[in-house]
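Here's a quick briefing on the model shown below. Have the viewer open and follow along.

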Amino acid sequence: MSVDMRTFLAHVELANPITTAAGCASSGRELAQFFDLHRLGALTTRSITMAPRAGRPTPRMAETPSGMLNAVGLQGPGIEAFLERELPWLAQRGIKTIVSIGGGTVAEYSELARRLADAPGVTALEVNLSCPNMEDRGRVFAREGSAAAEVIASVRSIMRYDVPVVAKLAPDVADIVSVARACVDAGADALSMINNPLGMAIDTEALRPSLAAVTGGLSGPAILPLAVRCVWQVHAALPGVPLIGMGGVMTGRDAFQLVLAGACVVGVGTALFHDPYACLRIERELEDLLRARGLQRLADAVGLAHRPPGSAPRHLLVDTEESTP
C-alpha cells in the first residue's frame, strides 16, 4: 500500500512533510552534495538578516546529554548576498524554499519582507521571532504576544498574498498558546515551533561557562517532549492553523509524534550535523509507520492523537457528512 505523503503549508502544496530547520542546512548547497534537494518537502534557509553578521565569539557550540547548545548568533552574509547568490541558486533549480528572516526591530523585519516580496523562489517566509528587540531593552519578540504580533502584522502587510507568512515561536514563554493566537490574529498563515529553548553548561575543568556567550539554544533529542507538548497545545487551541513541528527529531517515530500532536510539516535540524541523509531517512521511516497503521494519507494522521479512539479519519468524516440527507 502506498501512502500519500503530500501536505499543505497554508495553500502551498509540498510533496512530503519534511523540511530542514533554519540554520542547519545553510542555504542548501552543502546538502546538495549528498542528494537531490527536490526530495525534500521544502528547504528552510538560515535566518537572513539585513546586514552581514559574523556571529558570536567562540566557543559557541557545546555537547550536552542528548543534545547540544549553540550560540552562533545568526551568522550570515546579509540580505544583499542572499538575493544575489543564494536564493537564485535555489530558484533556478526549482527548490521549494522557506526563507527564514531575523531582525532587531520591527522596521528591520519589514525591510527584509520588502526586499523578499518580489524575489522569485520564495515559497514561504518564516519569521524568526527569537531575536532581541533592540527597541525594548533586548527582550525577545517571541516572549510577548503583542511584540510578536507587531512583527507579524508588519511583515504580512508587505509580503505577497501568495507567500505564506510563518511565525516561529519559542517555548520559553508562560503561555505559548496566547503568543500563537496573537500571531495568527496579526496575519500569520502558519506557525513553526519550537525554536531552541535557552540553556547553559559549565566546563568543570576550566571552571567557566562552556559557551563564550554563556547561554545558548538547546537542541537535539532532549527537547522533543517539549516540542510535542507545544505542538499539542497549539493544535488543540487553533486546530485550523498549519503547524511546522520541530525540536529533537532524529527518527521517523519522532516525526510521527509531532504529526499525531498536530504538525503537518516536520523540521529536521541537529540530526543533519552527523547524518546529512537524515531528512530522507526520516521521511521513509515516517511513511513506513503510516503504512503499518493502515493510514493511506499523511493528512489522516495530523492531529490524530487528539481524536477519540476509533474515530474515522477526517476525509471519512467529511464523506459521511456529505452523504447525510
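Arg297 is partly exposed in this predicted model, as its relative accessible area is 31%. Its side chain meets that of Asp300 in a salt bridge, at 3.0 Å from N to O. Asp300, for its part, is buried, because its relative accessible area is just 3% and the cut-off for buried is under 20%.

**Other salt bridges**

- The count of salt bridges comes to 14.
- Asp4, Arg6 and Glu13 are joined into one network by salt bridges that share partners.
- Asp189 pairs with Arg156 in a salt bridge, and the closest N and O atoms are 2.5 Å apart.
- Asp189 sits in the loop between α5 (176–185) and β12 (190–193), while Arg156 is in helix α4 (residues 145–158), so this pair ties together parts 33 residues apart in sequence.
- The two ends of that bridge sit in different accessibility classes: Asp189 is partly exposed at 28% relative accessible area, whereas Arg156 is buried at 16%.
- Glu126 and Lys168 form another salt bridge, with 4.0 Å between the closest N and O atoms.
- That pair links distant parts of the chain, since Glu126 belongs to strand β8 and Lys168 to strand β11 (residues 165–168), 42 residues apart.
- Both partners, Glu126 and Lys168, are buried.

**Around the annotated binding site**

- UniProt's "binding site" annotation, from an unreviewed entry, covers Asn70, Ala71, Val72, Gly73, Leu74 and Asn128.
- Asn128 is part of strand β8 (residues 124–128).
- Is Asn128 buried or exposed? Asn128 counts as buried, because its relative accessible area is 7% and anything under 20% falls in that class.
- Leaving out neighbours within four places in sequence, the contacts of Asn128 are Ser47, Leu74, Ser100, Ile101, Gly102, Tyr109, Lys168 and Asn195.
- One of those residues, Lys168, is also the salt-bridge partner of Glu126.
- With Ser47, Asn128 makes a side-chain to side-chain polar contact at 3.1 Å.
- Gly73 is found in the loop between β6 (67–70) and α2 (79–92).
- Gly73 is buried too, with 17% relative accessibility.
- Once residues up to four places away in sequence are set aside, Gly73 touches Arg53, Gly55 and Arg56.

**The annotated domain**

- The unreviewed UniProt entry places "domain: Dihydroorotate dehydrogenase catalytic" at residues 8–290.
- How far apart do the end C-alpha atoms of residues 8–290 lie? They are 18 Å apart.
- In secondary structure, the span is 32% helix and 23% strand.

**A nonpolar patch on the surface**

- Met200, Ile202 and Val214 make a nonpolar surface patch of about 270 Å².
- Met200 lies in strand β13 (residues 198–200).
- Why can Met200 take part in a surface patch? Its relative accessible area is 46%, and patch members need over 30%.
- Met200 is still classed as partly exposed, because exposed would take over 50%.

Terms used
Residues are numbered from 1 along each chain as its sequence is written. This is a predicted model: local features need pLDDT of at least 70, side-chain atom pairs count only at pLDDT 80 or more; totals for chains, interfaces and linings use all residues. Side-chain values use heavy atoms; hydrogens and water are left out. Patches are made of residues with over 30% relative accessible area and no salt bridge: like charges are joined within 9 Å, nonpolar side chains (Val, Leu, Ile, Met, Phe, Trp, Tyr) within 5 Å. Accessible areas come from the Shrake-Rupley method with a 1.4 Å probe; for residues, only the protein chains shown count as cover. Helices (H or I, at least four residues) and strands (E, at least two) are DSSP runs, numbered from the N terminus. Buried means under 20% relative accessible area, exposed over 50%, partly exposed in between (1.4 Å probe, protein chains only). UniProt positions are given in the numbering used here, feature names are shortened, and annotations may be inferred rather than shown by experiment. Contact means heavy atoms within 4.5 Å. A polar contact is a pair of N or O atoms within 3.5 Å; within protein, one must be able to donate a hydrogen and the other to accept it, and residues adjacent in sequence count only if both atoms are side-chain atoms.
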